[in-house]
Amino acid sequence: KILSLGIHIVDILGRHVSHIPEGQNVDILDEIRITVAGTAAGTSIDLAKLGMTHVIAMGAVGHDELGNFVINTMRNYGIDTSNLVRKENVQTSATMLPIRPNGDRPALHVPGANHHLEFEDLDLDVIKAADLLHLGGTGLMSALDDGGSLRVLQFAKEHGVTTTFDLVAIPRPDLRDLVEPLLPYIDYFVPGLEEAKMICGKDDRKEVINYFLDRGVGTVVFKMGEQGSIVANKTIGEIIIPAFKASAVVDSTGCGDSYCAGFIVGLTKGWSLEQAARL
């Protein structure tokens with residue numbers, strides 16, 4: 001059983017957007033589509049696509065059509081959505097993403113129900129019964145971030161549940177204070193390298209790796225975009241996995257979630273860390 005807990009977002013993507021029309025002018029795009037996204041929800045869907053048959057989603061959506069879309073879409077992939085709570089008087093989190101011709105995607109975001117997910121909303125029996133807990137979205141869940149995420153991770157580790165962790169690191173003065181107490185309870189810390197640098201305030205890669213390992217993380221797994229990824233712990237040292245060559249980048253939305261899902265699948269299959277990172 002893989003439990004993915006955290007932010008659930010509806011993404012509205014338009015491509016390609018090279019500029020925003022002035023006033024009320026209109027520009028023609030190649031595509032507009034709507035997807036279920038977020039460091040928890042996106043990872044859940046990618047896990048299902050990769051063949052994981054028992055994926056459980058845990059988080060919050062609103063009592064609205066966007067919430068219906070999230071739940072129905074995830075159910076269509078065979079994901080257990082019974083632990084998605086529906087919040088009154090708040091919309092489902094959503095993001096508008098104008099995709100640039102080079103694949104970059106600035107974001108216009110409404111936090112919505114994610115900010116209202118509380119520790120009391122979580123079924124601890126479900127967490128205890130999981131083989132792996134993926135916590136995704138710290139920094140965009142203000143209610144859970146106020147001590148709840150720490151309680152979740154502590155509870156998971158007390159019951160022998162493997163933990164993976166990803167976040168959306170937005171510059172804020174308390175970012176380090178938010179993340180650092182969680183580190184001793186994270187088996188696999190899987191942010192982007194730039195996010196990790198933002199958290200610890202260091203720039204040298206080895207110093208960044210050691211910062212997190214010295215504070216209790218079991219293994220750091222840093223995503224580096226076109227430069228690939230890094231897996232490091234105190235046993236294997238540092239392994240750099242190059243990225244696959246792509247003829248053209250169409251859209252980088254969800255690439256981090258896809259990476260997390262592939263890595264988690266590798267872990268569940270008992271692969272080496274290098275093999276899991278390559279998937």
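In which sense do strand β2 and strand β6 pair, and over how many bridges? In this predicted model, β2 (residues 9-15) and β6 (residues 94-99) pair in the parallel sense. Six bridges join the two strands. Within this pair, Arg-15 of β2 stands opposite Ile-99 in β6.

The two strands belong to an open sheet of four strands. Its order is β3-β2-β6-β7, and the pairing is mixed. The edges are formed by β3 (31-37) and β7 (108-110), each of which pairs on one side only. On average, neighbouring strands of the sheet are turned by 15 degrees against each other, direction ignored. In a regular strand, side chains alternate between the two faces of the sheet. Helix α2 (residues 65-76) lies across three of the strands, namely β2, β3 and β6. The helix runs at about 75 degrees to β3.

A second strand pairing involves β12 (residues 229-233) and β13 (residues 237-241). Here the sense is antiparallel, and five bridges are formed. The two strands make a hairpin, with three residues between them. Asn-233 of β12 stands opposite Gly-237 in β13.

Helix packing was examined for α1 and α9. Two packed helices are described by the angle between their axes and the distance between the axes. For α1 (residues 41-49) and α9 (residues 255-268), the angle is about 50 degrees and the axes lie 8 Å apart. Helix α1 is therefore oblique to α9, and the crossing is right-handed. On the α1 side, the contact is made by Gly-42, Thr-43, Asp-46 and Leu-47. Helix α9 contributes Asp-257, Ser-258, Cys-260, Ala-261, Ile-264 and Val-265.

Cys-260, one of these α9 contact residues, also enters the cysteine analysis. A disulfide is a covalent bond between the sulfur atoms of two cysteines. The cut-off applied to a pair of cysteine sulfur atoms is 2.5 Å, and the count comes to zero disulfides. Cys-200 is in no disulfide. The cysteine sulfur nearest to Cys-200 is that of Cys-260, 18 Å away. Are these two cysteines buried or exposed? Buried means under 20% relative accessible area. Cys-200 has 3% relative accessibility and so counts as buried. Cys-260 has a relative accessible area of 2%, so Cys-260 is buried as well.

Terms used
Residues are numbered from 1 along each chain as its sequence is written. This is a predicted model: local features need pLDDT of at least 70, side-chain atom pairs count only at pLDDT 80 or more; totals for chains, interfaces and linings use all residues. Side-chain values use heavy atoms; hydrogens and water are left out. Two strands pair if DSSP finds at least two bridges between them. Axes are lines fitted to C-alpha atoms, for helices over the stretch in contact, and angles run from 0 to 180 degrees between N-to-C directions. Contact means heavy atoms within 4.5 Å. Buried means under 20% relative accessible area, exposed over 50%, partly exposed in between (1.4 Å probe, protein chains only). Angles under 35 degrees count as roughly parallel, over 145 as roughly antiparallel, 65 to 115 as roughly perpendicular and the rest as oblique. A crossing is left-handed if the near helix is turned anticlockwise from the far one by less than a right angle, and right-handed if clockwise.
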